[in-house]
Amino acid sequence: MINPLRGMKDLTFDESNRFVHIVTTATNVAKKYGYNYIETPILEETSLFKRSVGESSDIVGKEMYQFDDKGGNDVCMRPEGTAGIVRAFVSAKLDRQPMKQKFYYYGPMFRYERPQKGRLREFHQFGCESFGEGSVYEDFTIITMISQIFEELGIGFDLLINSLGCVTCMPPYKQNLVNFLTEIKEDLCEDCNRRIDTNPIRVLDCKNATCQSLLVNSPKLIDNLCDECDSDFKQLTQLLDKAGISYQVDTNLVRGLDYYNKTAFEFVSNEIGSQSAIAGGGRYDKLVEFLDGKPTPAVGFAIGIERIMELVQMPQMQKEGIYLGAMTPEAVEALLPIATAKRKEQKVTVEYASKGFKSHMKGADKVNARYAVLIGEDELKDGTLWIKDLESKEEKTIPVETF
């Protein structure tokens, strides 16, 4: 028997229903906020992620499914969604249009890392990207949208926020941080020592308990923001306060990708173990420019679908559609034109084998049908159908042509 590869998983039965419910709910909310669907390729040039995500990131350095294709092109399976959306935005020359653009997407991403609960090598994200709006009001609106998605899915969460500064305040802060880290580097883990030279901000995100204890007294970017970043962050907290959205300022919150600036946020849950992030995002005002587009402010987020699967409260399944069955072999063929006609309006399940009454009732129950419609010997002779409403329990016999 051939099994799925390690870290890859089939999505079937109850899980597939849960997946569809998550995507449908998130999509409906995104549309209400003015977002349109976008689809980008799973396979992209590796350079796209090196230039956007950053060569110093763990994603590019350790986790990408990267290979040379038969044409000798250096390609990889997309490890995240934002870079591809920005590439598509620039490719379509949307950066040259004055109109603001908002996109939502969902689909598989790929990272070669150690599989664990809620974290697979092929995983799925739902995300939104907003281009052309530099106001902190958009940051607030994005956070509000995620809160609404989780509320409709019945998921509790805590919101963490931080500011990552900008090109004005980040460089001097980064130097102060490097100076601090250099003094304690002998006590830091191997990954942190590597990051001091490549991406020192990521040291703040280290999951090693010893490293975290050493970082308590590290310089905080939020205390070193320029006037604009400081004003934006204070306005964001005021907007969240007025909206009644509770949050915690986490001064060590950074994003794992190099393109973020200013607002950064994570939605976390304590119900899924140590890997508690269920959504994250922030502002990335320089990424369009990094990928050869015109300077364009942007902000977005992604929800890890597998991360929230077990947290979702599924609505009670409503009985729907029709179950068609024959109680004599001669009546089976009569079901087909009825099914074809009714499928223009609703779900129809046809049982091709003739069965007894109790077997058909069990079959209708298994597919959660609203109506059981049967043709027996008498119905076939009279040109009628026997119908039972499986909610009200009402039964009746009607002519085929009136159904």
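Buried here means under 20% relative accessible area, a cut-off worth having in hand for the close-ups that follow. Keep in mind that the model is predicted.

**View 1. Strand β15 and its two faces, with every residue buried.** Start with the strand itself. Side chains in a regular strand alternate between the two faces of the sheet. In β15, T384, W386 and K388 point one way, while L385, I387 and D389 point the other way. Six of the six residues are buried, so β15 is largely enclosed by the rest of the structure. That count takes in K388 and D389 along with the rest of the strand.

**View 2. β15 with its partner strands, β14 and β16.** Stay with β15 and look at what sits alongside. With β14, the pairing is antiparallel and runs over four bridges; on that side, K388 of β15 stands opposite A372. With β16 (residues 395–399), the strands again run antiparallel, joined by five bridges. Here L385 has I398 of β16 as its bridge partner. The connection between β15 and β16 is a hairpin, with five residues between the two strands. Check K393 in that turn: its phi is positive, at about 70 degrees.

**View 3. The R370–D389 salt bridge, at 2.9 Å from N to O.** This one picks up D389, which lies in strand β15 (residues 384–389). Its partner, R370, lies in the loop between α13 (357–366) and β14 (371–375), so the salt bridge ties together parts that are 19 residues apart in sequence. The two ends differ in how much they show: R370 is partly exposed, at 24% relative accessible area, whereas D389 is buried, at 10%.

**View 4. K102 and E138, a salt bridge from strand to helix.** The closest N and O atoms of K102 and E138 are 3.4 Å apart. K102 belongs to strand β5 (residues 101–110) and E138 to helix α5 (residues 136–153), so this pair links parts that are 36 residues apart in sequence. On the strand side, K102 is partly exposed, with a relative accessible area of 24%. On the helix side, E138 is buried, with a value of 7%.

**View 5. Another pair, R119 with E113.** The structure holds 19 salt bridges, and this is one of them, with its closest N and O atoms 3.5 Å apart. Of the two partners, look at E113: at 15% relative accessibility, this residue counts as buried.

**View 6. Cysteines without disulfides: C211 and C229.** How many disulfides does the structure hold? Zero. C211 has the sulfur of C189 as its nearest cysteine sulfur, 3.7 Å away. For C229, the nearest is the sulfur of C166, at 3.5 Å. Why do these pairs not count? A disulfide needs the two sulfur atoms within 2.5 Å, and neither C211 nor C229 is in one. As for their surroundings, C211 counts as buried at 1% relative accessibility, and C229 also counts as buried, at 1%.

Technical notes
Residues numbered from 1 in each chain as written. Predicted model: local features only at pLDDT ≥ 70, side-chain atom pairs only at ≥ 80, totals over all residues. Heavy atoms only, no water. Salt bridge = Lys/Arg side-chain N within 4 Å of Asp/Glu carboxyl O. Buried < 20%, exposed > 50% of the residue type's maximum accessible area, 1.4 Å probe, protein only. Pairing = 2+ DSSP bridges.
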